[in-house]
Structure formats: structure tokens, C-alpha cells
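Student: I'd like a close look at the cysteines in this protein, and then at the parts of the chain around them. Could you take me through it in one go?

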Amino acid sequence: MFLDTETIRADFPILSQKVYGKPLVYFDNAATTQKPLSVIRKIEEVYSTINANIHRGVHRLSQLATESHEEARKTVQRYIHASSSNEIIFTRGTTESINLIASSFCRSQCKAGDEIIITEMEHHANIVPWQIQQDITGIAFKVVPITETGEIRLEDLEKLISPKTKLIALTHASNVLGTINPIADVVRLAHSQDVPVLIDAAQSVQHIPIDVQALDCDFLVFSSHKMYGPTGVGILYGKENRLEQLPPYQGGGEMIANVTFEKTTYNELPFKFEAGTPDYVGSTALGEAIRYIEKIGLENIYFQEEKLLQYATERLLQIDGLRIFGTSKQKGPVISFLVKGIHPYDMGMLLDHLGIAVRTGHHCAQPLMNVLGIESAVRASFAFYNTEAEIDILIAGIERIVKMF
Ligand code: PLP
């Protein structure tokens, strides 16, 4: 279905802004998405009507705030089709979710020499936590190479799996190449060898329907702020039996059953992993963001973004000397590129002065940049509220900059 983008854009107040006197063209959606009014209003509503610390209070406000937080957990459960809300852990974001698993999993289930497999296209958030564990527990990690088109091949992954492999942790969609990895096949292959899989869904959960039960993945992580929700909230999904086996990540209030100076027993799932006051305002607003996505329809979102990706790719490739990194057939709405002779920072700065927000740099994927033989790139990433007319503005901007150089 074609989306009525004009009506949709009216839901996002920031999009009608001007930057340097030019209408804002926001193409930095892979970094963070803009927020619809319903989400912004939900935050105001919670603070104006029910704000109170959750779970511990007998008073009315505390009960309402608790209900609101727990309702959001159920909304997330429904969105990713988890079998129980006990499998939904609130964190601060994808990064914290991966750190939680890296720490609890390696501490309890790995010994020196055990191996974790990642891929060459991972974000630093799915590299550095494993390196920290490498220093603490002596695990090693192996890296699946990417092809010319920016894809992984299952046979390359299979070659790396050994009796020492304890976990495969990979991104669903690359934040640089856009590549959508065949995660269902990866899970099948991994499980055939009794290896659990963690999926980094930071760049997919806002674009593609995810059913964790159909996928059968063991862990899946994502961030609210990349799916039209507020910052500071993230999700760790884990199969209940997997989460039961893991020790807590942080200690403090809420995650305990009983504390004495001699011994502490831990709370049950999901609270065992939620030490301290959670961001119950953020979680409630994430629930609202999910309802917004569901109202528009993920299939419609996917259709619109796919159209923008195709159009932008075609138009960009007409520019002399422009090279796109990542040409996978299955690709999310992310285009990283360089124009010969123009430094990406210059491109980014000059586009900014035309009101166009793109990202430049290594995109928190320095090892991938090394594999690609570049230091940085320009990245334009789209959301369903973007338009072909905005892509025309980007193309005209790049053409103008090319002429200047
Ligand atoms: N993983 C991927 C693929 C990402 O694109 C990002 C952010 O860009 C992250 C992890 C980290 O997300 P956050 O900074 O929200 O924790």
C-alpha cells in the first residue's frame, strides 16, 4: 500500500523544521529515528499523571506506573512474538543488552579457549563486549568474512564452527552495508551443532517483522530510539530457559528476592536482570512507538522504504565517481557511499549546509572499514516518512558539491 507521506509527516513535528533556512531533509535514521507526537505526548502524560517509582509502592500512582511499564513489556512481547513476557528484559539499549549477555554468558558458560563467532560487518557494540570478555575469561572469537557484495556465506560460517564454539552473535542488518543476513538459516545451522545464536536487531526491528519463535533464535536485542521510541531504553529478548541459566549482570534493588549480609537470593525473570529503577517512562513510550508502527503497518513501512532505497540507489549511481558500499540483494534502507576526490566529512558538512542530515565517519564499524579499505564513508538512511522529493534534494546537493570540487 502507498503511504500518505504528507499525513504521516504531520505526525513528526521535527520534520517541518528548517536548518540553515532550508527545509530539513533527515537521512540519519539508522543513527536514530524521529519521534511521532503520540510518543512525545505519552512521555508528557506519564510525568503529568502517573509518575511514581514502580514495583515497590502500595500507593495508587505507583500501581499505575507499574501497570504501564508491565503493559509495555507485553507490547514488546507481542511485537516480536515472544512466548512469554518473562523473556523481555528492559535495558538501556542494544549496547547494554549485548554487554549483559557477553558478561553473564561468558562468566557462567565459557572457559579459556572457548569461542564466540561474529562477522566482519558487526557494529562495535557486538565486538568490544566480547573483547572485554576475552581479557576476563580468556575466550577467543572468530570472524566470518564478507563477500564483495557485503554478504556472509553460510559455508564460511560453517567452517568456523567447532566443538569450542559457544555462541554465534551477528547482526540481522548491517548499519553500514544495509545487508540483511539470512538469520533463519544461521540459526538452523547453529542449532544443528548445538550452538545458540544472538541476533543484533538494532537495524531490522523497525523495518522487518520479527517472530522470535519462528526464528528460534536464543537472544535478540534492539534499541527503542531506532524504532521511533525514546532514547535510553532497549530490549534483550532471551528464551526463558536460556535466561534462567544466566547469572545477574548488575546487582541492586529490584533484582533480588532476599538480601542478608551473608547471602542474597535473586528475583525471578525478568526482574533478575533489571537492577535499579528502570526507565518506566521510556518503556511506556516505547510501547506507544510500537503501537504507532503497528498502526502504519510494518508491511507498508517496508514497502515505502524499499521504494526509497531503489530510487536513491538508481539516482546515486548516475553520479560520476560515486561508489556504494554494500550491494546485497536483501538490503535495508541504508546507503553508504563515497564520491571520488571528496572527503566524506566535506561532503557531510556541505550537505548539512543545504539542510540535509547524513552521517559521516566509521559508523562504529572500524573493523568493517578496514575490510573495505576505507577510513570512513557518507551514509544516507531512510525511514517511511522520507520522500522521493527529499532524495532529489540529496542528489542535487551532491551534484552541486561535485561541481564545486
Ligand atoms: N548494533 C547496530 C547494528 C547498530 O546499528 C547500533 C547503533 O547504531 C548498535 C548496535 C548500538 O545501538 P545503541 O547505540 O542504541 O545501543
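Tutor: Let's start with disulfides: the structure, which is a predicted model, holds zero of them. Take C217 as the test case. A disulfide needs two cysteine sulfur atoms within 2.5 Å, and the closest cysteine sulfur to that of C217, in C106, is 18 Å away, so the two are too far apart for a bond. As for its surroundings, C217 has 0% relative accessibility and therefore counts as buried.

C364 sits in another setting. Its relative accessible area is 33%, so C364 is partly exposed, since that class runs between the 20% limit for buried and the 50% limit for exposed. You will find C364 in the loop between β16 and α13. Setting aside residues up to four places away in sequence, C364 touches E122, H123 and H124. Further along the chain, S376 is 12 residues from C364 in sequence, and their C-alpha atoms are 10.0 Å apart.

That loop deserves a second look, for H363 lies there too, between β16 (359-361) and α13 (366-372). H363 is not a glycine, yet its phi is positive, at about 55°. With a relative accessible area of 7%, H363 is buried, whereas C364 is partly exposed at 33%.

Where else does the backbone do something to note? E254 is another residue that is not a glycine but has a positive phi, in this case about 80°. E254 belongs to the loop between α9 (240-244) and β11 (256-259). Its relative accessibility is 15%, so E254 counts as buried. Then there is a cis peptide bond between L269 and P270, with omega at about 0°. P270 is part of the loop that runs between β12 (264-266) and α10 (280-296).

Another proline to look at is P333, in the loop between β13 (322-325) and β14 (334-339). P333 is buried, its relative accessible area being 6%. Its contacts, leaving aside neighbours within four places in sequence, are H207, E305, L309, A380, S381 and F382. One of these, E305, is 28 residues from P333 in sequence, while the two C-alpha atoms are 6.0 Å apart.

Two further residues show how sequence separation and distance in space can be read side by side. T5 is in helix α1 (residues 5-10) and has a relative accessible area of 16%, which means it is buried. Beyond residues up to four places away, T5 touches Q304, F384, Y385, N386 and T387. By contrast, I43 is 38 residues from T5 along the chain, and their C-alpha atoms are separated by 25 Å.

V143, in strand β6 (residues 140-144), is partly exposed, with a relative accessible area of 37%. Not counting neighbours within four places in sequence, V143 is in contact with I118, T119, E120 and L160. The C-alpha atoms of V143 and L160 are 8.1 Å apart, with their positions 17 residues apart in the numbering.

Now step back to the whole chain, which has 14 helices and 17 strands. A compact globule of 405 residues would have a radius of gyration near 22 Å, and the chain has 22 Å, so the two agree. Along the principal axes, the C-alpha atoms fill a box of roughly 70 × 55 × 35 Å. Of the 405 residues, 56% are buried, and C217, at 0% relative accessibility, is one that counts as buried.

The contacts of the chain can be looked at in the same spirit. Among those between residues at least 6 apart in sequence, 71% join residues at least 24 apart. The P333 and E305 pair, 28 residues apart in sequence and in contact, is an example you can find on the model.

Finally, the surface and the charges. The accessible surface comes to about 17,300 Å², and carbon and sulfur atoms account for 52% of it. The chain has 37 positive and 48 negative charges, and the mean positions of these two sets are 2 Å apart.

To return to your request: the structure has zero disulfides, C217 is buried at 0% relative accessibility, and C364 is partly exposed in the loop between β16 and α13.

How values were computed:
Residues numbered from 1 in each chain as written. Predicted model: local features only at pLDDT ≥ 70, side-chain atom pairs only at ≥ 80, totals over all residues. Heavy atoms only, no water. Helix = DSSP H or I, 4+ residues; strand = E, 2+ residues; numbered from the N terminus. Rg over C-alpha atoms; globule rule 2.2 N^0.38 Å. Buried < 20%, exposed > 50% of the residue type's maximum accessible area, 1.4 Å probe, protein only. Contact = heavy atoms within 4.5 Å. Areas by Shrake-Rupley, 256 points an atom, 1.4 Å probe, with all protein chains shown as cover. Lys, Arg positive; Asp, Glu negative; His and termini not counted. Charge placed at Lys NZ, Arg CZ, Asp CG, Glu CD.
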